[in-house]
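Work through the exercises below with the structure open beside you. Each task is followed by a solution in steps.

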Protein chains: 2
Amino acid sequence: MKREIGAEAIIFPTPVLIVGTYNEDGRPNAMNVAWGGICGSEPPAISIAIRKERKTYENICRSKVFTVNIPNEKLMEVADFFGIASGKEIDKFKYAGVTAKKAGHIDAPYIEEFPVCAECRLIKTTEIGKHVIFIGEIVNVLADDSVVGEKGIIDVEKVGAIGFDPAGNYYTATGQKVGKAFSAGLEILKQAKEK
Amino acid sequence: MKREIGAEAIIFPTPVLIVGTYNEDGRPNAMNVAWGGICGSEPPAISIAIRKERKTYENICRSKVFTVNIPNEKLMEVADFFGIASGKEIDKFKYAGVTAKKAGHIDAPYIEEFPVCAECRLIKTTEIGKHVIFIGEIVNVLADDSVVGEKGIIDVEKVGAIGFDPAGNYYTATGQKVGKAFSAGLEILKQAKEK
(Lines give C-alpha, C1' and ligand atoms only; values in the text may rest on other atoms or scores of the structure.)
Protein backbone atom coordinates (compact mmCIF):
# COMPACT_ATOMS: atom_id res chain seq x y z
CA MET A 1 0.00 0.00 0.00
CA LYS A 2 1.21 3.49 -0.88
CA ARG A 3 1.00 6.45 1.45
CA GLU A 4 0.84 10.13 0.34
CA ILE A 5 3.88 12.05 1.59
CA GLY A 6 2.90 15.28 -0.16
CA ALA A 7 4.68 17.73 -2.46
CA GLU A 8 8.27 17.25 -1.28
CA ALA A 9 11.66 17.35 -3.03
CA ILE A 10 12.39 13.65 -2.54
CA ILE A 11 14.14 11.06 -4.68
CA PHE A 12 16.87 8.54 -3.81
CA PRO A 13 19.79 8.91 -4.10
CA THR A 14 20.72 12.57 -4.51
CA PRO A 15 24.42 13.38 -4.83
CA VAL A 16 26.67 15.50 -2.60
CA LEU A 17 28.30 17.94 -5.00
CA ILE A 18 30.88 20.40 -3.70
CA VAL A 19 30.94 23.31 -6.12
CA GLY A 20 34.24 25.22 -6.34
CA THR A 21 34.56 28.83 -7.55
CA TYR A 22 36.87 31.80 -7.05
CA ASN A 23 35.65 34.93 -5.27
CA GLU A 24 36.22 38.34 -6.93
CA ASP A 25 39.44 38.71 -4.89
CA GLY A 26 40.79 35.36 -6.11
CA ARG A 27 40.16 33.41 -2.90
CA PRO A 28 38.67 29.93 -3.42
CA ASN A 29 35.16 29.15 -2.17
CA ALA A 30 33.11 25.94 -2.11
CA MET A 31 29.51 25.06 -1.35
CA ASN A 32 27.54 21.84 -0.91
CA VAL A 33 24.82 21.26 -3.53
CA ALA A 34 22.43 18.29 -3.41
CA TRP A 35 20.07 19.54 -6.11
CA GLY A 36 22.03 18.66 -9.21
CA GLY A 37 23.23 15.94 -11.52
CA ILE A 38 24.27 14.97 -15.02
CA CYS A 39 21.82 16.40 -17.57
CA GLY A 40 23.29 15.42 -20.91
CA SER A 41 26.04 13.40 -22.56
CA GLU A 42 26.53 15.05 -25.96
CA PRO A 43 28.01 17.36 -24.77
CA PRO A 44 28.54 15.98 -21.26
CA ALA A 45 26.71 18.41 -18.99
CA ILE A 46 25.81 18.87 -15.37
CA SER A 47 23.15 20.98 -13.68
CA ILE A 48 23.40 22.53 -10.22
CA ALA A 49 20.61 24.47 -8.49
CA ILE A 50 21.71 27.39 -6.30
CA ARG A 51 19.84 30.18 -4.50
CA LYS A 52 20.66 33.76 -5.47
CA GLU A 53 21.80 34.75 -1.99
CA ARG A 54 24.75 32.35 -2.12
CA LYS A 55 28.31 33.56 -2.69
CA THR A 56 28.68 30.80 -5.31
CA TYR A 57 25.78 32.32 -7.29
CA GLU A 58 27.69 35.62 -7.59
CA ASN A 59 30.90 33.80 -8.47
CA ILE A 60 29.41 31.71 -11.28
CA CYS A 61 27.54 34.71 -12.75
CA ARG A 62 30.87 36.55 -12.92
CA SER A 63 33.31 33.78 -13.90
CA LYS A 64 31.03 31.44 -15.94
CA VAL A 65 33.01 28.44 -14.66
CA PHE A 66 32.88 26.07 -11.69
CA THR A 67 34.13 22.69 -10.54
CA VAL A 68 32.01 19.88 -9.09
CA ASN A 69 33.97 17.88 -6.50
CA ILE A 70 32.84 14.48 -5.22
CA PRO A 71 33.54 13.76 -1.53
CA ASN A 72 34.06 10.30 -0.11
CA GLU A 73 32.96 9.10 3.30
CA LYS A 74 36.18 10.20 5.01
CA LEU A 75 35.54 13.77 3.82
CA MET A 76 31.89 13.85 4.94
CA GLU A 77 32.53 16.36 7.76
CA VAL A 78 34.31 18.71 5.35
CA ALA A 79 31.54 18.34 2.77
CA ASP A 80 28.92 19.12 5.40
CA PHE A 81 30.91 22.13 6.65
CA PHE A 82 30.97 23.52 3.08
CA GLY A 83 27.16 23.30 3.20
CA ILE A 84 26.42 24.82 6.61
CA ALA A 85 29.01 27.64 6.51
CA SER A 86 28.40 30.76 4.43
CA GLY A 87 31.08 31.92 1.99
CA LYS A 88 29.94 35.48 2.63
CA GLU A 89 30.97 35.20 6.29
CA ILE A 90 33.71 32.57 6.43
CA ASP A 91 36.84 31.89 4.38
CA LYS A 92 35.91 28.22 4.22
CA PHE A 93 39.23 26.87 2.94
CA LYS A 94 40.99 28.44 5.93
CA TYR A 95 39.21 25.96 8.24
CA ALA A 96 38.19 22.99 6.09
CA GLY A 97 41.58 21.29 6.19
CA VAL A 98 41.59 20.61 2.44
CA THR A 99 43.51 22.17 -0.42
CA ALA A 100 42.15 24.31 -3.27
CA LYS A 101 44.14 24.06 -6.51
CA LYS A 102 43.50 25.82 -9.81
CA ALA A 103 41.94 23.49 -12.36
CA GLY A 104 43.84 22.89 -15.58
CA HIS A 105 41.12 23.74 -18.08
CA ILE A 106 39.14 26.51 -16.37
CA ASP A 107 39.75 29.31 -13.91
CA ALA A 108 38.11 27.63 -10.90
CA PRO A 109 39.51 25.73 -7.93
CA TYR A 110 39.20 21.99 -7.38
CA ILE A 111 39.76 20.20 -4.09
CA GLU A 112 42.91 18.12 -4.11
CA GLU A 113 41.81 15.64 -1.40
CA PHE A 114 38.47 14.81 -3.07
CA PRO A 115 38.70 11.75 -5.32
CA VAL A 116 36.85 13.06 -8.39
CA CYS A 117 36.22 16.50 -9.89
CA ALA A 118 34.40 17.72 -12.99
CA GLU A 119 35.61 20.97 -14.56
CA CYS A 120 32.61 22.87 -15.96
CA ARG A 121 32.01 25.83 -18.26
CA LEU A 122 28.58 27.52 -17.93
CA ILE A 123 26.47 27.03 -21.06
CA LYS A 124 22.92 27.74 -19.88
CA THR A 125 21.02 29.27 -16.97
CA THR A 126 17.36 28.84 -16.08
CA GLU A 127 15.23 29.44 -13.00
CA ILE A 128 12.79 27.25 -11.08
CA GLY A 129 11.14 29.12 -8.23
CA LYS A 130 13.79 30.17 -5.72
CA HIS A 131 16.62 28.24 -7.41
CA VAL A 132 18.78 29.26 -10.33
CA ILE A 133 19.87 26.24 -12.35
CA PHE A 134 23.33 26.55 -13.81
CA ILE A 135 24.08 24.06 -16.57
CA GLY A 136 27.76 23.50 -17.19
CA GLU A 137 29.49 21.61 -19.96
CA ILE A 138 31.96 19.16 -18.44
CA VAL A 139 35.23 19.95 -20.20
CA ASN A 140 37.33 17.53 -18.15
CA VAL A 141 37.06 15.06 -15.29
CA LEU A 142 39.93 14.73 -12.82
CA ALA A 143 40.30 11.54 -10.80
CA ASP A 144 42.75 10.61 -8.11
CA ASP A 145 45.19 7.90 -9.19
CA SER A 146 43.97 5.85 -6.23
CA VAL A 147 40.40 5.55 -7.61
CA VAL A 148 41.27 4.73 -11.22
CA GLY A 149 41.01 1.01 -11.95
CA GLU A 150 41.64 -1.19 -14.94
CA LYS A 151 41.74 0.36 -18.43
CA GLY A 152 41.81 3.83 -16.87
CA ILE A 153 38.18 3.60 -15.77
CA ILE A 154 37.18 5.16 -12.43
CA ASP A 155 36.15 2.42 -9.96
CA VAL A 156 32.96 3.41 -8.14
CA GLU A 157 33.88 1.30 -5.09
CA LYS A 158 37.27 3.00 -4.79
CA VAL A 159 35.63 6.44 -5.03
CA GLY A 160 33.30 5.62 -2.12
CA ALA A 161 31.13 8.68 -2.78
CA ILE A 162 28.35 9.65 -0.41
CA GLY A 163 24.74 10.48 -1.24
CA PHE A 164 22.27 12.80 0.49
CA ASP A 165 18.94 11.52 1.76
CA PRO A 166 16.49 14.44 1.39
CA ALA A 167 13.76 12.73 3.46
CA GLY A 168 15.69 12.11 6.68
CA ASN A 169 18.75 14.35 6.06
CA TYR A 170 21.30 11.55 6.28
CA TYR A 171 24.42 10.96 4.26
CA THR A 172 24.59 7.46 2.82
CA ALA A 173 27.30 5.21 1.38
CA THR A 174 26.90 4.73 -2.38
CA GLY A 175 29.85 2.71 -3.61
CA GLN A 176 29.00 -0.97 -3.31
CA LYS A 177 28.42 -2.65 -6.68
CA VAL A 178 25.26 -4.78 -6.86
CA GLY A 179 24.83 -5.42 -10.59
CA LYS A 180 25.78 -4.52 -14.13
CA ALA A 181 23.81 -1.89 -16.04
CA PHE A 182 22.60 -2.63 -19.61
CA SER A 183 22.92 -6.29 -18.67
CA ALA A 184 20.87 -7.05 -15.52
CA GLY A 185 17.62 -6.86 -17.52
CA LEU A 186 18.73 -8.87 -20.58
CA GLU A 187 16.91 -12.05 -19.46
CA ILE A 188 13.57 -10.21 -19.31
CA LEU A 189 14.29 -8.57 -22.68
CA LYS A 190 15.06 -11.96 -24.22
CA GLN A 191 11.75 -13.36 -22.95
CA ALA A 192 9.87 -10.32 -24.31
CA LYS A 193 11.44 -10.72 -27.75
CA GLU A 194 10.68 -14.46 -27.88
CA LYS A 195 6.96 -13.95 -27.32
CA MET B 1 47.89 12.93 -7.84
CA LYS B 2 45.02 13.62 -10.20
CA ARG B 3 44.68 12.06 -13.62
CA GLU B 4 42.78 13.60 -16.57
CA ILE B 5 39.84 11.39 -17.58
CA GLY B 6 38.60 13.80 -20.24
CA ALA B 7 35.22 15.35 -21.07
CA GLU B 8 32.91 12.63 -19.74
CA ALA B 9 29.45 12.66 -18.10
CA ILE B 10 30.71 11.42 -14.72
CA ILE B 11 29.67 12.17 -11.15
CA PHE B 12 28.88 9.84 -8.25
CA PRO B 13 26.21 8.82 -7.46
CA THR B 14 23.67 9.27 -10.24
CA PRO B 15 20.13 7.98 -9.56
CA VAL B 16 18.12 5.29 -11.32
CA LEU B 17 14.84 7.00 -12.17
CA ILE B 18 12.07 5.01 -13.83
CA VAL B 19 9.87 7.50 -15.65
CA GLY B 20 6.23 6.46 -16.09
CA THR B 21 3.91 7.85 -18.80
CA TYR B 22 0.86 6.77 -20.77
CA ASN B 23 1.07 6.15 -24.52
CA GLU B 24 -1.49 7.80 -26.81
CA ASP B 25 -3.59 4.62 -26.64
CA GLY B 26 -3.63 4.65 -22.83
CA ARG B 27 -1.13 1.84 -22.31
CA PRO B 28 1.49 2.50 -19.61
CA ASN B 29 5.15 2.88 -20.54
CA ALA B 30 8.30 3.32 -18.45
CA MET B 31 11.93 4.15 -19.16
CA ASN B 32 15.15 4.24 -17.15
CA VAL B 33 16.73 7.70 -16.79
CA ALA B 34 20.06 8.28 -15.04
CA TRP B 35 20.49 11.89 -16.13
CA GLY B 36 18.19 13.64 -13.70
CA GLY B 37 17.61 14.76 -10.14
CA ILE B 38 15.98 17.26 -7.83
CA CYS B 39 16.44 20.81 -9.18
CA GLY B 40 14.49 22.97 -6.74
CA SER B 41 12.58 22.91 -3.50
CA GLU B 42 10.22 25.91 -3.73
CA PRO B 43 8.40 24.50 -5.62
CA PRO B 44 9.81 20.98 -5.30
CA ALA B 45 11.02 20.12 -8.80
CA ILE B 46 12.83 17.39 -10.65
CA SER B 47 14.66 17.37 -13.97
CA ILE B 48 14.98 14.42 -16.32
CA ALA B 49 16.99 14.38 -19.55
CA ILE B 50 15.56 12.36 -22.43
CA ARG B 51 16.47 11.98 -26.10
CA LYS B 52 13.84 12.94 -28.67
CA GLU B 53 13.69 9.47 -30.23
CA ARG B 54 12.30 7.94 -27.04
CA LYS B 55 8.62 7.00 -26.68
CA THR B 56 8.64 8.78 -23.31
CA TYR B 57 9.64 12.04 -25.05
CA GLU B 58 6.49 11.87 -27.19
CA ASN B 59 4.37 10.97 -24.19
CA ILE B 60 5.54 13.85 -21.99
CA CYS B 61 5.21 16.38 -24.85
CA ARG B 62 1.59 15.28 -25.25
CA SER B 63 0.48 14.69 -21.65
CA LYS B 64 2.69 17.21 -19.74
CA VAL B 65 2.86 14.79 -16.79
CA PHE B 66 5.08 11.91 -15.66
CA THR B 67 5.97 9.88 -12.60
CA VAL B 68 9.48 9.18 -11.32
CA ASN B 69 9.69 5.76 -9.66
CA ILE B 70 12.60 4.69 -7.45
CA PRO B 71 13.64 1.02 -7.72
CA ASN B 72 15.27 -0.94 -4.91
CA GLU B 73 17.91 -3.61 -5.30
CA LYS B 74 15.36 -6.43 -5.67
CA LEU B 75 13.87 -4.61 -8.68
CA MET B 76 17.22 -3.95 -10.38
CA GLU B 77 16.57 -6.39 -13.24
CA VAL B 78 13.20 -4.76 -13.94
CA ALA B 79 14.73 -1.28 -13.80
CA ASP B 80 17.46 -2.32 -16.22
CA PHE B 81 14.91 -3.93 -18.57
CA PHE B 82 12.98 -0.62 -18.66
CA GLY B 83 16.24 0.95 -19.86
CA ILE B 84 17.36 -1.52 -22.52
CA ALA B 85 13.93 -2.23 -24.06
CA SER B 86 12.28 0.29 -26.39
CA GLY B 87 8.70 1.39 -25.72
CA LYS B 88 8.28 1.81 -29.47
CA GLU B 89 8.84 -1.93 -29.98
CA ILE B 90 7.82 -3.63 -26.75
CA ASP B 91 4.84 -3.31 -24.40
CA LYS B 92 7.21 -3.24 -21.43
CA PHE B 93 4.63 -3.77 -18.67
CA LYS B 94 3.54 -7.00 -20.36
CA TYR B 95 6.91 -8.56 -19.51
CA ALA B 96 8.35 -6.61 -16.59
CA GLY B 97 6.35 -8.43 -13.93
CA VAL B 98 5.35 -5.21 -12.18
CA THR B 99 2.06 -3.35 -12.00
CA ALA B 100 1.23 0.06 -13.48
CA LYS B 101 -1.45 2.00 -11.55
CA LYS B 102 -2.89 5.42 -12.31
CA ALA B 103 -1.44 8.08 -10.00
CA GLY B 104 -3.87 9.99 -7.80
CA HIS B 105 -2.89 13.55 -8.73
CA ILE B 106 -1.90 13.29 -12.40
CA ASP B 107 -2.79 11.21 -15.43
CA ALA B 108 0.36 9.07 -15.45
CA PRO B 109 1.10 5.56 -14.20
CA TYR B 110 3.23 4.70 -11.19
CA ILE B 111 4.74 1.31 -10.43
CA GLU B 112 3.08 -0.35 -7.48
CA GLU B 113 6.05 -2.58 -6.52
CA PHE B 114 8.58 0.29 -6.43
CA PRO B 115 8.98 1.78 -2.93
CA VAL B 116 8.83 5.50 -3.79
CA CYS B 117 7.26 7.55 -6.60
CA ALA B 118 7.13 11.28 -7.36
CA GLU B 119 4.11 12.54 -9.32
CA CYS B 120 5.23 15.38 -11.61
CA ARG B 121 3.59 18.08 -13.72
CA LEU B 122 5.76 19.55 -16.51
CA ILE B 123 6.61 23.21 -15.85
CA LYS B 124 9.63 23.86 -18.09
CA THR B 125 11.53 22.34 -21.01
CA THR B 126 15.03 23.14 -22.20
CA GLU B 127 17.60 21.45 -24.44
CA ILE B 128 21.26 20.57 -23.95
CA GLY B 129 22.76 19.04 -27.07
CA LYS B 130 21.00 15.77 -27.85
CA HIS B 131 18.95 15.73 -24.63
CA VAL B 132 15.69 17.47 -23.85
CA ILE B 133 15.45 18.37 -20.18
CA PHE B 134 11.95 18.14 -18.79
CA ILE B 135 11.49 19.91 -15.47
CA GLY B 136 8.50 18.72 -13.48
CA GLU B 137 6.96 20.15 -10.35
CA ILE B 138 6.57 17.37 -7.80
CA VAL B 139 2.91 17.56 -6.79
CA ASN B 140 2.99 14.49 -4.55
CA VAL B 141 5.34 11.76 -3.35
CA LEU B 142 4.00 8.24 -2.82
CA ALA B 143 5.82 5.86 -0.49
CA ASP B 144 5.17 2.26 0.35
CA ASP B 145 4.01 1.76 3.94
CA SER B 146 6.97 -0.58 4.40
CA VAL B 147 9.55 2.21 3.84
CA VAL B 148 7.94 4.91 6.00
CA GLY B 149 9.57 5.17 9.42
CA GLU B 150 8.99 7.26 12.53
CA LYS B 151 6.99 10.49 12.25
CA GLY B 152 5.91 9.54 8.73
CA ILE B 153 9.39 10.17 7.31
CA ILE B 154 10.69 7.88 4.56
CA ASP B 155 13.63 5.80 5.84
CA VAL B 156 16.45 5.75 3.28
CA GLU B 157 17.72 2.37 4.52
CA LYS B 158 14.27 0.81 4.11
CA VAL B 159 13.98 2.22 0.57
CA GLY B 160 17.28 0.58 -0.43
CA ALA B 161 17.46 2.54 -3.69
CA ILE B 162 20.14 1.83 -6.26
CA GLY B 163 22.43 4.29 -8.01
CA PHE B 164 24.03 4.17 -11.45
CA ASP B 165 27.79 4.39 -11.89
CA PRO B 166 28.36 6.20 -15.20
CA ALA B 167 32.09 5.37 -15.30
CA GLY B 168 31.92 1.59 -15.07
CA ASN B 169 28.19 1.05 -15.79
CA TYR B 170 27.43 -0.67 -12.49
CA TYR B 171 24.41 -0.37 -10.25
CA THR B 172 25.35 0.38 -6.65
CA ALA B 173 23.63 0.13 -3.27
CA THR B 174 22.86 3.57 -1.80
CA GLY B 175 20.89 3.08 1.40
CA GLN B 176 23.36 2.69 4.26
CA LYS B 177 23.41 5.72 6.58
CA VAL B 178 26.90 7.00 7.41
CA GLY B 179 26.23 10.41 8.97
CA LYS B 180 23.78 13.22 9.62
CA ALA B 181 23.56 16.16 7.20
CA PHE B 182 23.63 19.75 8.54
CA SER B 183 25.36 18.28 11.58
CA ALA B 184 28.48 16.32 10.56
CA GLY B 185 30.36 19.59 9.88
CA LEU B 186 29.28 21.51 12.99
CA GLU B 187 32.58 20.94 14.82
CA ILE B 188 34.56 22.56 11.97
CA LEU B 189 32.04 25.42 11.81
CA LYS B 190 32.39 25.99 15.55
CA GLN B 191 36.17 26.17 15.24
CA ALA B 192 35.88 28.62 12.32
CA LYS B 193 33.57 30.90 14.29
CA GLU B 194 35.81 30.86 17.37
CA LYS B 195 38.84 32.11 15.44
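The exercises that follow concern a predicted model.

**Exercise 1. Overall build of chain A**

Find how many helices and strands chain A has, and judge its compactness from its radius of gyration.

Solution.
Step 1. Chain A contains five helices and 14 strands.
Step 2. Its radius of gyration is 18 Å, while the globule rule gives 16 Å for 195 residues. The two values are close, so chain A is as compact as a globular protein of that length.
Step 3. Along the principal axes, the C-alpha atoms of chain A fill a box of roughly 65 × 45 × 30 Å.

**Exercise 2. Burial, surface and charge in chain A**

State what share of chain A is buried, what its surface is made of, and how its charged side chains are placed.

Solution.
Step 1. Of the 195 residues in chain A, 62% are buried.
Step 2. The exposed area of chain A is about 7,500 Å², and 47% of it comes from carbon and sulfur atoms.
Step 3. There are 25 positive and 26 negative side chains in chain A, and 4 Å separates the centres of the two sets.
Step 4. For contacts in chain A between residues at least 6 apart in sequence, 57% link residues at least 24 apart.

**Exercise 3. Helix α1 of chain A and the residue after it**

Identify the buried residues of α1(A) and what they pack against, then describe the residue that follows the helix.

Solution.
Step 1. The buried residues of α1(A) are Lys55(A), Thr56(A), Tyr57(A), Asn59(A) and Ile60(A).
Step 2. These buried residues pack against several strands of chain A, among them β3 (17–22), β4 (28–33) and β6 (44–51). Strands β7, β10 and β11 (131–144) of chain A are also packed against by the buried residues of α1(A).
Step 3. Lys64(A) follows α1(A), in the loop between α1 (55–63) and β7 (65–70) of chain A.
Step 4. The phi of Lys64(A) is positive, near 60°. Most residues other than glycine have a negative phi.
Step 5. Lys64(A) has a relative accessibility of 43%, so it counts as partly exposed.

**Exercise 4. Lys124(A) and chain B**

Place Lys124(A) in its strand, and list its polar contacts with chain B.

Solution.
Step 1. Lys124(A) belongs to strand β10 (residues 116–128) of chain A.
Step 2. Because its relative accessible area is 30%, Lys124(A) is partly exposed.
Step 3. Not counting residues up to four places away in sequence, Lys124(A) touches Ile133(A), Phe134(A) and Ile135(A) in chain A, and Thr126(B), Glu127(B) and Ile128(B) in chain B.
Step 4. The side chain of Lys124(A) has a polar contact of 2.9 Å with the side chain of Thr126(B). A polar atom of the Lys124(A) side chain also lies 2.8 Å from the backbone oxygen of Glu127(B).
Step 5. Ser47(A) is 77 residues away from Lys124(A) along the chain, yet their C-alpha atoms are separated by 9.2 Å.

**Exercise 5. Asp144(B)**

Decide whether Asp144(B) is buried or exposed, and find the partners of its side chain.

Solution.
Step 1. Asp144(B) is part of strand β11 (residues 131–144) of chain B.
Step 2. Its relative accessibility is 17%; buried means under 20%, so Asp144(B) counts as buried.
Step 3. One polar contact of the Asp144(B) side chain is with the side chain of Lys2(A), at 3.3 Å. Another is with the side chain of Ser146(B), at 2.8 Å.
Step 4. With neighbours within four places in sequence left aside, Asp144(B) is in contact with Met1(A), Lys2(A), Glu112(B) and Pro115(B).

**Exercise 6. Backbone features in chain B**

Locate the cis peptide bonds at Pro13(B) and Pro43(B), and describe the phi of Lys151(B).

Solution.
Step 1. Phe12(B) and Pro13(B) are joined by a cis peptide bond with omega about -10°. Pro13(B) sits in the loop between β1 (2–6) and β2 (14–15) of chain B.
Step 2. Glu42(B) and Pro43(B) are likewise joined by a cis peptide bond, with omega about 5°. Pro43(B) is in the loop between β5 (36–41) and β6 (44–51) of chain B.
Step 3. Most peptide bonds are trans.
Step 4. Lys151(B) is not a glycine, but its phi is positive, about 55°. Lys151(B) lies in the loop between β11 and α4 (156–159) of chain B.
Step 5. With a relative accessible area of 80%, Lys151(B) is exposed.

Methods: Residues numbered from 1 in each chain as written. Chains lettered and ligands numbered in written order. Predicted model: local features only at pLDDT ≥ 70, side-chain atom pairs only at ≥ 80, totals over all residues. Heavy atoms only, no water. Helix = DSSP H or I, 4+ residues; strand = E, 2+ residues; numbered from the N terminus. Rg over C-alpha atoms; globule rule 2.2 N^0.38 Å. Buried < 20%, exposed > 50% of the residue type's maximum accessible area, 1.4 Å probe, protein only. Contact = heavy atoms within 4.5 Å. Areas by Shrake-Rupley, 256 points an atom, 1.4 Å probe, with all protein chains shown as cover. Lys, Arg positive; Asp, Glu negative; His and termini not counted. Charge placed at Lys NZ, Arg CZ, Asp CG, Glu CD. Polar contact = N/O pair within 3.5 Å; in protein donor to acceptor, adjacent residues only side chain to side chain.
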